[in-house]
Amino acid sequence: MSHIELRDLDEDDLDAIFEMMRDEAAVEMAAFTAADPNDRDVFDEWIARQRATADVALYVVTEGGGFAGTAALFSADGEREVTYWIARHAWGRGLATEALRRLVSREPERPLFARVAAHNAASVAVLTKVGFTEVSRDIDFAPGLGRDAEEIVLVLVPTLE
């Protein structure tokens with residue numbers, strides 16, 4: 001596996017992120033995505049809001065210096081959450097696991113939560129490898145699928161020292 005890093009997101013990354021987040025296979029795996037992943041205006045508005053929100057930390061995942069995805073920390077309903085999206089060209093080589101390990105090491109707050117479509121076995125495996133455990137499941141509308149889908153909520157609890 002090549003060297004993996006997280007770096008701050010900048011303007012030059014936006015085209016690559018947009019293309020990654022509209023990949024049909026990736027949208028199907030993520031499921032809980034934008035209603036129309038091909039709408040660049042909606043993407044630009046969404047990413048601008050994320051970048052302007054103080055408690056959102058957006059990172060680009062790089063492999064050997066090249067773009068491989070994104071990872072972020074954010075707050076929702078008073079809880080700190082993680083999210084990541086790995087470009088399809090980088091699937092299956094451990095990048096998501098390493099990127100998530102690096103991401104959670106940057107966030108001292110615990111518990112940390114994550115959400116994943118239940119059918120996304122690879123992402124469930126990544127989260128469990130990093131120490132997240134399932135706490136609940138819900139059925140909700142998944143725009144990436146155009147139908148209801150099961151979503152798993154996982155948590156990374158504080159370690160006892």
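Mentor: Before we start, rings of Phe, Tyr and Trp (its six-membered ring) form a pair if their centres lie within 6.5 Å. Keep in mind that we're looking at a predicted model.

Trainee: Got it. How many aromatic pairs turn up in the whole structure, and which residues do they link into a cluster?

Mentor: The search covers the whole structure and comes back with 2 aromatic pairs. Ring pairs join up into a cluster, and its members are F18, F43 and W46.

Trainee: Take F18 and F43, then. Is that pair stacked, edge-to-face or tilted?

Mentor: Their ring centres are 5.3 Å apart, with the planes at 55 degrees. Stacked needs under 30 degrees and edge-to-face needs over 60. An angle of 55 degrees fits neither, so the F18 and F43 pair is tilted.

Trainee: Which parts of the chain does that pair tie together, and how far apart in sequence are they?

Mentor: F18 sits in helix 1, residues 14–20, while F43 belongs to helix 3, residues 40–52. The pair therefore ties helix 1 to helix 3, and the separation in sequence is 25 residues.

Trainee: And the other pair, F43 with W46: what sort of geometry does it have?

Mentor: Here both partners lie in helix 3, 3 residues apart, which is about one turn of the helix. The ring centres are 6.1 Å apart and the planes meet at 45 degrees, so this pair is tilted.

Trainee: Which class of exposure does W46 fall into, buried, partly exposed or exposed?

Mentor: F18 and F43 are both buried, F43 with a relative accessible area of 8%. Buried means under 20% and exposed means over 50%. W46 has 30% relative accessibility, so its class is partly exposed.

Trainee: Staying in helix 3, which residues does Q50 touch if we skip those up to four places away in sequence?

Mentor: Q50 has its place in helix 3. G69 is 19 residues from Q50 in sequence, and their C-alpha atoms are 16 Å apart. Beyond four places in sequence, the residues Q50 touches are V56 and L58.

Trainee: Let's zoom out. How many helices and strands are there, and in what pattern do they follow each other?

Mentor: The chain has 5 helices and 7 strands. Going along the sequence, you read β-α-α-α-β-β-β-α-β-α-β-β.

Trainee: Why can we call the chain as compact as a globular protein of that length, and what is its radius of gyration?

Mentor: The C-alpha trace spans about 45 × 35 × 30 Å along its principal axes. For 161 residues the globule rule gives 15 Å, and the chain is close to that, so it is as compact as a globular protein of that length, with a radius of gyration of 15 Å.

Trainee: What share of the contacts with a separation of 6 or more comes from residues 24 or more positions apart?

Mentor: Buried residues make up 40% of the 161 in the chain. As for those contacts, residues 24 or more positions apart account for 61%.

Trainee: How far apart are the mean positions of the positive and negative charges?

Mentor: The chain exposes about 8700 Å², with carbon and sulfur atoms supplying 49% of that area. It carries 16 positive and 31 negative charges, and their mean positions are separated by 5 Å.

Trainee: Now the backbone. Which two residues does a cis peptide bond join?

Mentor: Look in the loop between helix 4 (95–105) and strand 5 (112–117), where P111 is found. The bond has an omega of about 5 degrees, and the residues joined are R110 and P111.

Trainee: A31 and D77 both have positive phi without being glycine. Which of them is buried and which is exposed?

Mentor: A31, with phi near 65 degrees, is in the loop between helix 2 (24–30) and helix 3. D77, with phi near 50 degrees, is in the loop between strand 3 (66–76) and strand 4 (79–86). Relative accessibility is 0% for A31 and 80% for D77, so the buried one is A31 and the exposed one is D77.

Trainee: Last one: which residues does F141 contact, leaving aside neighbours within four places?

Mentor: F141 lies in strand 6, residues 133–142, and counts as partly exposed at 44% relative accessibility. Its C-alpha is 9.5 Å from that of E151, 10 residues apart along the chain. Past the neighbours within four places, the contacts of F141 are F32, G146, R147 and D148.

Definitions and conventions. Residues are numbered from 1 along each chain as its sequence is written. This is a predicted model: local features need pLDDT of at least 70, side-chain atom pairs count only at pLDDT 80 or more; totals for chains, interfaces and linings use all residues. Side-chain values use heavy atoms; hydrogens and water are left out. Helices (H or I, at least four residues) and strands (E, at least two) are DSSP runs, numbered from the N terminus. The radius of gyration is taken over C-alpha atoms; the globule rule is 2.2 Å times the number of residues to the power 0.38. Buried means under 20% relative accessible area, exposed over 50%, partly exposed in between (1.4 Å probe, protein chains only). Contact means heavy atoms within 4.5 Å. Accessible areas come from the Shrake-Rupley method with a 1.4 Å probe; for residues, only the protein chains shown count as cover. Lys and Arg count as positive and Asp and Glu as negative; His and the chain ends are not counted. The place of a charge is taken as NZ of Lys, CZ of Arg, CG of Asp or CD of Glu.
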